[in-house]
Amino acid sequence: IFAGLHLYQMDINLNSIGLIQKAGLASGSFFPVGVTNNVFEATDGSGNKSTCSFDVTVLDREKPIVATVPSITQYAVTDCFWNGSAGRLSIQDACTGTLGLSEKYFDQNGNVLYSVLSNISGTSYQLTPRNFPVGKNKAVITVTDANDNESEIVSFDITVIDNVKPT
């Protein structure tokens, strides 16, 4: 889960005891991913003090979600290549922060054209323009969040058609 709202209850007779929170977040707060230590100090009418503490642990186990990217078909411009962006990614993640983007592109024979790792942020990302040869090329995309949760693989085709007559 992402940073969540947590309520806690402490059963103390407050008629003769003063209670002060010394550390942590108040009940009803949104707790961040990680461990938050909450510390309370109780003081009775005679000035005797005692402390109590507990941890609230919030884990991010949710994978980022990358929306399906439609396959595209383009016409070769020069030298039997098309140069352009294969598309725009739409990304959802439970937590904010930097995301790791893995882009792999293959030609119609399965040879690697490009393999790129980069850091991105935000919920939308335009893929960098690249040269794609004539044929049915494939893109394979994954996104990893700051807590090492990896998205499902998103793949799509970039088909480049040679419609230039030989001279």
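**From the core outward**

The largest nonpolar core of this structure has 22 residues. Leu-89, Leu-101, Tyr-105, Leu-127, Ile-141, Phe-156 and Ile-158 have the most contacts inside this core. The model is a predicted one. In soluble globular proteins, nonpolar side chains tend to be buried together.

Four strands give two or more residues each to the core. They are S9 (88–92), S10 (99–106), S14 (135–144) and S15 (154–161). Strand S15 gives the most, with four residues.

Start with Tyr-105, one of the core residues with the most contacts. Is Tyr-105 buried or exposed? Tyr-105 has a relative accessible area of 1%. The cut-off for buried is under 20%, so Tyr-105 counts as buried.

Now turn to the aromatic rings. A search of the whole structure finds five aromatic pairs. One of them joins Tyr-105 and Tyr-114, whose ring centres are 6.2 Å apart. The planes of these two rings stand at 80 degrees, so the pair is edge-to-face. Tyr-114 is partly exposed, at 25% relative accessibility. Tyr-114 also pairs with Phe-132. Here the distance is 6.4 Å centre to centre, with 80 degrees between the planes. This pair, too, is edge-to-face.

What does the pair of Tyr-114 and Phe-132 tie together? Tyr-114 lies in strand S11 (residues 112–120). Phe-132 lies in strand S13 (residues 130–133). The two residues are 18 apart in sequence, so their pair ties together separate parts of the sequence. Phe-132 is buried, at 0% relative accessibility.

The ring pairs reach further. They link Trp-82, Tyr-105, Tyr-114 and Phe-132 into a cluster. A charged side chain joins the picture at Tyr-114. Arg-130 lies over the face of the Tyr-114 ring, at 5.5 Å from the ring centre. Tyr-114 therefore has an edge-to-face partner in Tyr-105, another in Phe-132, and Arg-130 over its face.

Next comes empty space. The structure holds one cavity of 30 Å³ or more. About 30 Å³ of space lies in the largest cavity. Which residues line the largest cavity? They are Asp-93, Cys-95, Thr-96, Gly-97, Thr-98, Leu-99, Asp-145 and Ala-146. By class, this lining has three nonpolar, three polar and two charged residues. Gly counts as polar here, so Gly-97 of the lining falls in the polar class.

Last, look at the loops. Asp-79 and Cys-80 are both found in the loop between strands S7 and S8. Strand S7 covers 72–75 and strand S8 covers 81–84. Asp-79 is exposed, with a relative accessible area of 70%. From Asp-79 to Thr-123 there are 44 residues in sequence. In space, these two residues are 35 Å apart, C-alpha to C-alpha. Cys-80 is partly exposed, with a relative accessible area of 40%. Its backbone has a positive phi of about 60 degrees, although Cys-80 is not a glycine.

The loop between S14 and S15 holds another residue with a positive phi, Asp-148. Its phi is about 65 degrees, and Asp-148 is not a glycine. Is Asp-148 buried or exposed? Asp-148 has a relative accessible area of 66%, which makes it exposed. The strands on either side of this loop, S14 and S15, both give residues to the core.

How values were computed
Residues numbered from 1 in each chain as written. Heavy atoms only, no water. 1 Å grid on protein atoms, 1.4 Å probe; cavity = no way out; pocket = protein on both sides within 12 Å on 5 of 7 lines; lining within 4 Å. Points joined across faces, edges and corners; volume = space filled by probe spheres on them. Phe/Tyr/Trp six-rings, centres within 6.5 Å; stacked < 30°, edge-to-face > 60°. Buried < 20%, exposed > 50% of the residue type's maximum accessible area, 1.4 Å probe, protein only. Lys NZ or Arg CZ within 6 Å of the ring centre and 35° of its normal. Core = buried A, V, L, I, M, F, W, Y, C linked by side-chain atoms within 4.5 Å.
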